[in-house]
Amino acid sequence: MNREDKIAVVERLHLLWNTGELSLVPTIYRHDFVAHMPKGWERSEFVGHAGVREAVLRIRNAFSNWHEVIEDIIVEDDKVVTRYISSGIHTGNFIGLAPTGKPIQIDEMSIYRLEQGVVAEQWCLTDDLSLNRQLGLM
């Protein structure tokens with residue numbers, strides 16, 4: 001898989017999160033995919049296609065107009081790293097917090113490990129301090 005193909009897979013991944021088009025999941029993620037989320041989250045791992053679908057629905061139900069804009073992409077061997085800005089409006093329950101109607105914008109970074117043309121594993125870091133402040137939790 002060349003550099004451009006690796007970038008295309010990860011760009012499609014961000015498009016999936018932007019659109020919520022769950023039918024794309026098998027074309028982007030391995031069936032045994034594992035997402036490693038920040039340790040402080042109520043759930044720090046999502047597994048397989050079902051886990052991806054659950055994670056996408058969870059964030060898109062909590063934040064209407066969810067949108068991720070890629071700022072940087074780095075490709076090295078079987079890894080692709082993106083630095084991106086995620087935004088939305090808090091219109092649904094999120095981590096036990098009732099909807100606030102507040103807009104949010106947070107910085108995120110993810111490392112994706114690709115295998116056989118799809119994403120096999122992800123490590124994600126989010127600016128949770130900024131998110132908590134924007135939601136009025138601090």
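1. In this predicted model, the buried residues of helix α1 are Lys 6, Ile 7, Val 9, Val 10, Leu 13, His 14, Leu 16, Trp 17 and Asn 18. The list mixes nonpolar side chains such as Ile 7 and Leu 13 with residues such as Lys 6, His 14 and Asn 18, which are buried as well. For reading such a list, it helps to recall that an α-helix has 3.6 residues a turn, so residues three or four places apart point the same way.

2. The length of α1 can be checked against its residue count: the helix covers residues 3–19, and because each residue should contribute 1.5 Å, its 17 residues are expected to span 24 Å, which agrees with the 24 Å between its end C-alpha atoms. At the N-terminal end, Asn 2 acts as the cap, with a side-chain oxygen placed 3.1 Å from the backbone nitrogen of Glu 4. After the helix comes Gly 20, which has a positive phi, near 75°.

3. As to the overall arrangement, the protein has 4 helices and 6 strands, and these follow one another along the sequence as α-α-β-β-α-β-β-β-β-α. The C-alpha trace spans about 45 × 30 × 25 Å along its principal axes. The radius of gyration is 15 Å, which agrees with the value near 14 Å that a compact globule of 138 residues would have. Among contacts between residues at least 6 apart in sequence, 54% join residues at least 24 apart.

4. On burial and surface, 42% of the 138 residues count as buried, while the accessible surface comes to about 7,200 Å², with 53% of it belonging to carbon and sulfur atoms.

5. The largest nonpolar core holds 34 residues, and Trp 17, Tyr 29, Phe 63 and Val 119 are those with the most contacts inside it. Elements giving two or more residues to this core include α1, α2 (25–28), β1 (29–36), α3 (48–62) and β3 (63–76), together with β4 (79–90), β5 (103–115) and β6 (118–126). The largest share, 6 residues, comes from α1.

6. Phe 63, setting aside residues up to four places away in sequence, touches Gly 88, Ile 89, His 90, Thr 91, Phe 94, Ile 104, Leu 131 and Leu 135.

7. Arg 113 lies in strand β5, and its side chain makes a polar contact of 2.7 Å with the side chain of Glu 115. Beyond its neighbours within four places in sequence, Arg 113 is in contact with Asp 78, Lys 79, Val 118, Val 119, Ala 120, Glu 121 and Trp 123. Of these partners, Asp 78 is 35 residues from Arg 113 in sequence, yet their C-alpha atoms are 5.6 Å apart.

Note on methods: Residues are numbered from 1 along each chain as its sequence is written. This is a predicted model: local features need pLDDT of at least 70, side-chain atom pairs count only at pLDDT 80 or more; totals for chains, interfaces and linings use all residues. Side-chain values use heavy atoms; hydrogens and water are left out. The expected span of a helix is 1.5 Å times one less than its number of residues. Buried means under 20% relative accessible area, exposed over 50%, partly exposed in between (1.4 Å probe, protein chains only). A polar contact is a pair of N or O atoms within 3.5 Å; within protein, one must be able to donate a hydrogen and the other to accept it, and residues adjacent in sequence count only if both atoms are side-chain atoms. The radius of gyration is taken over C-alpha atoms; the globule rule is 2.2 Å times the number of residues to the power 0.38. Contact means heavy atoms within 4.5 Å. Accessible areas come from the Shrake-Rupley method with a 1.4 Å probe; for residues, only the protein chains shown count as cover. A nonpolar core is a set of buried Ala, Val, Leu, Ile, Met, Phe, Trp, Tyr and Cys residues joined through side-chain atoms within 4.5 Å.
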